[in-house]
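This briefing introduces charged side-chain pairs in a protein structure. Please have the sequence and the three-dimensional view at hand while reading.

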Amino acid sequence: MGAELDLSTLDEKEAAKVRKLAEPLGSMQPSKPKSELGGDIRQVVIAVSDGEKRTEVRFSETGVPAEVAPLLEYLRKQTKVIKPNK
């Protein structure tokens, strides 16, 4: 599953809120999730692009850093699920 959010479709106040929630991603290094017990643990990938720079971070669903949790929660509530291309 995936979700996408385009800030240009939001009013400025809401877009600013999302930018603030995404700030911690800027200081994180692109990463691959650590192996964990249980192959059924889902992976979370958050990618942010401003047209020039793209930042992508990955976490296991059980290992999301506390500073990213508010953004993930916002995205879960506000985005529409998109089906992957087959």
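The points below describe salt bridges, their surroundings and one contact between leucines.

The structure is a predicted model. Seven salt bridges are counted in this model. Three of the pairs, among them Arg54 with Glu56, are described here, followed by a network and by the position of Leu5.

**The pair Arg54 and Glu56**

- A salt bridge links Arg54 to Glu56, and their closest N and O atoms are 2.8 Å apart.
- Arg54 is exposed, because its relative accessibility of 55% is over the 50% cut-off.
- Glu56 has a relative accessible area of 24% and is therefore partly exposed, since this value falls between 20% and 50%.

**The pair Glu61 and Arg76**

- Glu61 and Arg76 form a salt bridge through their side chains, with an N to O distance of 3.7 Å.
- Glu61 belongs to the loop between strand 3 (54-60) and helix 2 (69-78), whereas Arg76 belongs to helix 2, so this salt bridge ties together parts that are 15 residues apart in sequence.
- Glu61 is partly exposed, with a relative accessibility of 32%.
- Arg76 is also partly exposed, and its relative accessible area is 48%.

**The pair Lys77 and Glu73**

- Which residue forms a salt bridge with Lys77? The partner is Glu73, and the closest N and O atoms of the two residues are 3.9 Å apart.
- This distance satisfies the salt-bridge rule, because the nitrogen of Lys77 and the oxygen of Glu73 are within 4 Å of each other.
- Lys77 and Glu73 are four residues apart in helix 2, which means that about one helical turn separates them.
- Is Lys77 buried or exposed? Lys77 counts as exposed, at 61% relative accessibility.
- Glu73, by contrast, is partly exposed, with a relative accessible area of 38%.

**A network of salt bridges**

- Arg42, Glu61 and Arg76 are joined into one network by salt bridges that share partners.

**Leu5 and Leu75**

- Where does Leu5 lie? Leu5 is in the loop between strand 1 (2-4) and helix 1 (12-22).
- Leu5 is partly exposed, because its relative accessible area of 27% lies between the cut-offs of 20% and 50%.
- In sequence, Leu5 and Leu75 are 70 residues apart, while in space their C-alpha atoms are 7.8 Å apart.

Notes: Residues are numbered from 1 along each chain as its sequence is written. This is a predicted model: local features need pLDDT of at least 70, side-chain atom pairs count only at pLDDT 80 or more; totals for chains, interfaces and linings use all residues. Side-chain values use heavy atoms; hydrogens and water are left out. Buried means under 20% relative accessible area, exposed over 50%, partly exposed in between (1.4 Å probe, protein chains only). Helices (H or I, at least four residues) and strands (E, at least two) are DSSP runs, numbered from the N terminus.
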